[in-house]
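Here are a few notes to read alongside the model. Have it open while you go through them.

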Amino acid sequence: MKMSSSRTQAVLAAIPKLIKHRPSCLVRASQHRNYSQSSAAKTTEATAEKWGLAGALYLERLPVITPKMTRLEQEYKEYKLQQEVEQSLLSEYEITKKEEEERLAIQKKNVLDTPLHLRNIPIQTMQDKEELWSKELAQFTPADRETEADKSNDVRSTDRKLDQSLVLLLKQVVDGKEWWYLPTMNYTPGLSMREVAEQALTSNCGTDLKFRVFGNAPSGYQIKNYGREKREETKLNGHKIFIYKAEYRGGPVIPNEDNSVLDYAWVTPKELRQYLGRTTSRVLNKFIIY
């Protein structure tokens with residue numbers, strides 16, 4: 001179907017009007033977008049001014065010995081050992097021992113044919129070596145998995161729970177109340193957040209500790225909201241704590257009493273809840289590798 005000439009002329013005449021009004025629409029959209037961005041930036045700045053920043057260090061002593069195997073792991077281990085014995089070929093030691101036994105059996109039968117000067121030569125056989133090794137093994141006493149720190153429940157010692165990870169916690173006085181938490185320090189301008197976390201440990205626990213921080217990015221964070229009185233006093237909604245993970249390499253913990261450090265403890269990840277509570281322990285458990 002062909003359009004009438006009058007209708008075609010009307011459509012062509014309307015096109016310039018549409019083109020003329022389009023730039024104004026784009027200008028209004030651009031102005032609206034700029035306004036939204038500026039208002040969002042102002043909101044972000046206002047919100048950032050209401051939060052304090054802090055760095056904390058999750059200092060972990062890694063396991064020293066392997067954990068005990070479960071019943072399933074023990075049964076699987078025995079199954080694989082049996083399978084390996086049944087399906088494996090003889091080792092070089094087993095082949096040598098078998099050849100030696102056959103050679104000794106032949107010598108006993110033909111002892112009269114052996115010259116006298118060769119009959120009494122002492123030879124250390126594989127059987128003699130095995131007996132010697134068995135005696136050495138009987139004299140070996142493995143170390144006890146349970147240390148003196150485990151028996152006395154000394155939570156200040158890193159010699160406890162050798163088959164598990166340990167985390168350093170500090171007991172401090174904050175706002176007149178005693179509480180347990182990681183070594184923490186408020187943000188200091190001019191320092192990176194990692195440096196703040198490192199100073200949180202050295203300023204509270206002494207400089208004799210040896211440790212290694214994993215990377216420049218935090219492993220996790222926690223937001224602590226203030227109550228109404230605290231918000232009015234500090235003009236802050238709370239604190240955002242960025243937690244860095246570090247490996248303990250040695251050295252004693254020397255609590256700094258000037259920073260209100262009353263006590264410290266090395267606890268397992270499963271013991272965190274009884275010291276920190278359910279909420280904080282859940283936050284830390286999100287980035288803990290058992």
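**Notes on one helix and the cores**

1. Let's start with helix H10, residues 278-285 (helices are DSSP runs of H or I, at least four residues; strands are E runs of at least two; both are numbered from the N terminus). Its Thr280, Ser281, Val283 and Leu284 are buried, meaning under 20% relative accessible area, with exposed over 50% and partly exposed in between (1.4 Å probe, protein chains only). Seen down the axis, the buried residues line one face, because they fall within an arc of 155 degrees, taken from the directions from the helix axis to the C-beta atoms. Thr279 and Arg282 sit on the other side, exposed.

2. A word on provenance: this is a predicted model, where local features need pLDDT of at least 70 and side-chain atom pairs 80 or more, while totals for chains, interfaces and linings use all residues. Numbering runs from 1 along each chain as its sequence is written, and side-chain values use heavy atoms, leaving out hydrogens and water.

3. What does the buried side of H10 pack against? The partners are S1, S3 (177-181), S6 (220-225), S7 and helix H9 (272-276), with contact meaning heavy atoms within 4.5 Å.

4. The largest nonpolar core (buried Ala, Val, Leu, Ile, Met, Phe, Trp, Tyr and Cys joined through side-chain atoms within 4.5 Å) has 21 residues. Leu59, Leu168 and Trp266 have the most contacts inside it. Strands S1 (51-61) and S7 (238-250) are among the elements supplying at least two residues each, but H7 gives the most, with six. Apart from this core lies another, of 16 residues, including Ala54 and Phe287.
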